[in-house]
Amino acid sequence: MKAISPVKMKKEKDGRGRPKWFRDLSAFKIISTIILVLSGLFFLFPLYWIVTGAFKSQVVAITIPPEWFPLNPILDNWVILFNNPVWRWTFNSFFIASAEMIAVCFVSATAGFVLAKKVFPGRKLIFIALIAAMALPKQVILVPLFTMLADLGWVDTYKGLIIPAIGWPFGVFLMKQFSQTIPNELLEAAKIDGCGEIRSFFHIVLPMLKPAIGALAIFTFMLSWNDYFSQLVITRSTDMMTLPLGIATMQGEYKTDYGVMMAGAALASVPMIIIFMLFQKSFTQGITMGSIK
């Protein structure tokens, strides 16, 4: 066996004594890395400002020039925040967002698969209607939706907050586009082996749609968690308020306690960060799958 020279075990260097990894760094890589780092810091700064502001007094929070880091941190903002039914509001937000996330992902996956792989009269017309519905903002349909919920007795209930959001056109559109990438030969082979439609969907289609479902789950949870306008219209009682809505009601008519508001915003951001971390891998695969053949 040929012995390896100790010289070859060292890092390769060019004539100027620079290591090989340094030579591989091009100007483009260095500049792009710097831009990405600066962009990341830019988008993380609001979260940093909210978290640090939650430990500042009212005087310090509004002082100019600002105090970039709380020199005398306090917990009074959190005490005031938790004197309100925050845990009830947090439960409402988490329950509504989680129920919408599960229901939207399932309904969108089934509807998208049917529109992509099943041939039936009116399929293209239904898809065109979905695309047209995506162009309508929620505020346009909120008045007739509220009238319908009032007739059904669903105002200020979980059903009124969850069920109208299940038929999300964007979710169906996203799942249809991903379902088109499933090979027809795979579905035909499953049918030949004796798999029915339901079994094929749960054992073959759903696992292949996992990246898209992960991306849709994050989008749905975040939109539902931050859906302040719809929740403001549909809810009536304090016990049915969600966390963003409850925090907004703590703002006074003539005075705003920014420390308490930032403490509530910091608390409201925790579930969204957790959901993103749980579905991060599937989310990354979902948004990059279209670029790979």
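Leaving aside its neighbours within four places in sequence, which residues is Ser 230 in contact with? In this predicted model, the residues it touches are Lys 138 and Leu 142. Ser 230 belongs to helix α14, which covers residues 228-234. Its relative accessibility is 7%, and because buried means under 20% relative accessible area, Ser 230 counts as buried.

The chain as a whole gives the setting for that residue. It contains 17 helices and 0 strands. Of its 293 residues, 32% count as buried. The exposed surface of the chain comes to about 18800 Å², and carbon and sulfur atoms supply 71% of that area. Among contacts in the chain with a separation of 6 or more, 74% are between residues 24 or more positions apart.

Helix α10, residues 169-179, is a useful place to start on the packing of helices. One of its partners is helix α13, residues 210-225. The axes of α10 and α13 come within 10 Å and cross at roughly 165°. Angles over 145 degrees count as roughly antiparallel, and α10 and α13 are therefore roughly antiparallel to each other. Their crossing is right-handed. On the α10 side, the contact involves Phe 170, Gly 171, Leu 174, Met 175 and Phe 178. On the α13 side, the residues are Ala 212, Ile 213, Leu 216 and Phe 219. By class, the contact of α10 with α13 has 8 nonpolar residues, 1 polar residue and no charged residue.

Helix α10 also packs with helix α7, residues 123-134. Here the axes are 9 Å apart and the angle is about 130°. That angle falls outside the ranges for parallel, perpendicular and antiparallel, so α7 and α10 are oblique to each other. The crossing of α7 with α10 is left-handed. From α7, the contact takes in Phe 127, Leu 130, Ile 131, Ala 133 and Met 134. From α10, it takes in Pro 169, Phe 170, Val 172, Phe 173, Lys 176 and Gln 177. These residues divide into 9 nonpolar, 1 polar and 1 charged. Phe 170 is listed in the contact with α13 and also in the contact with α7.

Two residues of α10 can be taken one by one. Ser 179 is found in this helix. With a relative accessible area of 0%, Ser 179 is buried. Not counting residues up to four places away in sequence, Ser 179 touches Gly 112, Phe 113, Ala 116, Lys 117 and Leu 209. Gln 177 lies in α10 as well. Its relative accessible area is 33%, so Gln 177 is partly exposed. The C-alpha atoms of Gln 177 and Ala 116 are separated by 7.4 Å, although their positions lie 61 residues apart along the chain, counted as the distance from one to the other. Ala 116 is thus named both among the contacts of Ser 179 and in this C-alpha pair with Gln 177.

Next comes helix α6, residues 86-117, which packs with helix α12, residues 197-208. The axes of α6 and α12 are 12 Å apart, at an angle of about 95°. Angles of 65 to 115 degrees count as roughly perpendicular, and that makes α6 roughly perpendicular to α12. The contact is formed by Phe 106, Ala 109, Thr 110 and Phe 113 of α6 with Phe 201, Phe 202, Val 205 and Leu 206 of α12. Its residues comprise 7 nonpolar, 1 polar and no charged. Phe 113 takes part in this contact and is also touched by Ser 179.

The remaining examples join parts of the chain that are far apart in sequence. Trp 78 is found in helix α5, residues 76-82. Its C-alpha atom is separated by 8.7 Å from that of Gly 259, 181 residues apart along the chain. Leaving aside neighbours within four places in sequence, Trp 78 is in contact with Ala 54, Phe 55, Ala 263, Ala 266 and Leu 267. Val 60 lies in helix α4, residues 58-61. With a relative accessible area of 23%, Val 60 is partly exposed. The C-alpha atoms of Val 60 and Tyr 258, 198 residues apart along the chain, are separated by 9.8 Å.

Definitions and conventions. Residues are numbered from 1 along each chain as its sequence is written. This is a predicted model: local features need pLDDT of at least 70, side-chain atom pairs count only at pLDDT 80 or more; totals for chains, interfaces and linings use all residues. Side-chain values use heavy atoms; hydrogens and water are left out. Axes are lines fitted to C-alpha atoms, for helices over the stretch in contact, and angles run from 0 to 180 degrees between N-to-C directions. Helices (H or I, at least four residues) and strands (E, at least two) are DSSP runs, numbered from the N terminus. Angles under 35 degrees count as roughly parallel, over 145 as roughly antiparallel, 65 to 115 as roughly perpendicular and the rest as oblique. A crossing is left-handed if the near helix is turned anticlockwise from the far one by less than a right angle, and right-handed if clockwise. Contact means heavy atoms within 4.5 Å. Ala, Val, Leu, Ile, Met, Phe, Trp, Tyr, Cys and Pro count as nonpolar, Asp, Glu, Lys and Arg as charged, and the others, Gly among them, as polar. Buried means under 20% relative accessible area, exposed over 50%, partly exposed in between (1.4 Å probe, protein chains only). Accessible areas come from the Shrake-Rupley method with a 1.4 Å probe; for residues, only the protein chains shown count as cover.
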